[in-house]
Amino acid sequence: MKAVVYETFSGLPEIKTVPDPNGSPGGAVIKVEATGVCRSDWHAWVGHDPSIVLPHVPGHEFAGTVVAKGKDVTRWQVGDRVTMPFSSGCGHCHQCRTGHQHICDVPFTPGFSHWGSFAQYVAVEQADLNLVRLPDALEFKAAASLGCRFVTSFRAVVEQGRLKPGQWLAVYGCGGVGLSAIMIGHAMGAQIVAVDITAEKLSLAKSLGATICINANDFQNVPKAVVDATGGGAHVSMDALGNKVTCFNSVKSLRKRGRHIQVGLTLGSQSSPEIPMEDVIMGELEIYGSLGMQSHAYEPMFTMIGQGLLPIDRLIGSTTDLAGAITALMKMDKTDEPGVTVVTDFG
């Protein structure tokens, strides 16, 4: 099969012909019909994830068709249309046994723990536990963005943030995760402040439901601007970027008893951000991390998509081929292009 492969961290990835993957007894092989290019792929490529073994095939946001299944797989048949959360479970540890396979003790994560979906085929483990059936009306290219950014935002806003209609949601960073959170918050009846440094991204955020857009370049004290705009601070605030400044500012943007959700990965030079702990104590603030979503928790999200409340196709910025995936990956930390880049051509 054809696949994007890199042999050194930060080295130039290349399209190579590599052996087709073999499925395990409990696994399956998926023909990749679409895969997103995510900032997490960039973190892996530059070497921020010590678990990656080189050479490596990136990619974790995928949707496709089952082309082979192991002898122990009972829920799936060849031809089924599927996707999978990027952080999936082993099926045996305590977290998996209690329904929290997204934080599995030994997670299966294509594009990180195993070769990923920047390829014509990808092998998955524990197919009965980890695969998710796609609704017939959901296109592959739209479904590809669900595997990381959208499901992460959905669980972060709905479960971790416990956002309610009429409340204020502040979103720092209007990339794929942030735009997803804005769309979800708007569908839930919340008021939303979007914060970014790019006018084009803020314009897209506005079109997806942001009530107020703040360009951080225009304000010396961004949290104060958010507090003033919301009449006392956000009920829920999310750092969707993974930056020391945006993490700090997100916490400072909360009203008393507000909830900060950390979704953006604070890796490399952005690790160990400062937390204004005095504010956390005096305001009885809550701080949560949020990592992906369990495969069994997709149905409420699919219902909202089917009802037209979450027009996820609007998050797609562009489609490309495997060569375009390399370009998008390498400029991920510099690009200001709005929306999600999705690979749909694997020929």
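Me: Across which strands does helix H6 lie, and how does it run relative to E8?

Reply: In this predicted model, helix H6 (residues 176–187) lies across strand E8 (168–172), strand E9 (191–196) and strand E11 (234–239). Its direction is at about 170° to that of E8. Another helix, H9 (residues 244–252), also packs on the sheet, where it touches E8, E11 and E12. The direction of H9 makes about 150° with that of E12.

Me: How should the sheet itself be read, and in what order do its strands stand?

Reply: In general, strands of a sheet pair through backbone hydrogen bonds, in either a parallel or an antiparallel manner. Here, 6 strands form an open sheet with the order E10-E9-E8-E11-E12-E13, and the pairing is parallel. Strand E10 (212–215) and strand E13 (286–289) stand at the edges with a single partner strand each, so one side of each has no neighbour in the sheet. From one strand to the next, the twist averages 20°.

Me: How many bridges join E12 and E13, and which residue stands opposite Glu-286?

Reply: Strand E12 (residues 254–262) pairs with E13 in the parallel sense over 4 bridges. Arg-259 is the residue opposite Glu-286 in E13.

Me: Is Ile-214 buried or exposed, and what is it in contact with?

Reply: Ile-214 belongs to strand E10. A residue counts as buried under 20% relative accessible area; Ile-214 has 4%, and is therefore buried. Apart from neighbours within four places in sequence, the contacts of Ile-214 include Val-193, Ala-194, Val-195, Leu-202 and Phe-219. Val-226 is also in contact with Ile-214; these two residues are 12 apart in sequence, and their C-alpha atoms are 8.0 Å apart in space.

Me: In what sense does E15 pair with E3, and in what sense with E14?

Reply: Strand E3 (residues 28–37) and strand E15 (residues 340–345) pair in the antiparallel sense over 3 bridges, with Gly-36 having Val-342 as its bridge partner in E15. Strand E14 (residues 316–321), by contrast, pairs with E15 in the parallel sense over 5 bridges. There, Ile-316 stands opposite Val-340 in E15.

Me: At what angle do helices H5 and H11 cross, and which residues meet?

Reply: Angles of 65 to 115 degrees count as roughly perpendicular. The axes of H5 (residues 149–160) and H11 (residues 299–306) come within 11 Å and cross at roughly 105°, so the two helices are roughly perpendicular to each other. Phe-150, Val-151 and Phe-154 in H5 meet Pro-300, Met-301 and Met-304 in H11. The residues of this contact comprise 6 nonpolar, no polar and no charged.

Note on methods:
Residues numbered from 1 in each chain as written. Predicted model: local features only at pLDDT ≥ 70, side-chain atom pairs only at ≥ 80, totals over all residues. Heavy atoms only, no water. Axes fitted to C-alpha atoms, helices over the stretch in contact; angles between N-to-C directions. Parallel < 35°, antiparallel > 145°, perpendicular 65-115°, else oblique. Contact = heavy atoms within 4.5 Å. Nonpolar A, V, L, I, M, F, W, Y, C, P; charged D, E, K, R; others polar. Pairing = 2+ DSSP bridges. Buried < 20%, exposed > 50% of the residue type's maximum accessible area, 1.4 Å probe, protein only.
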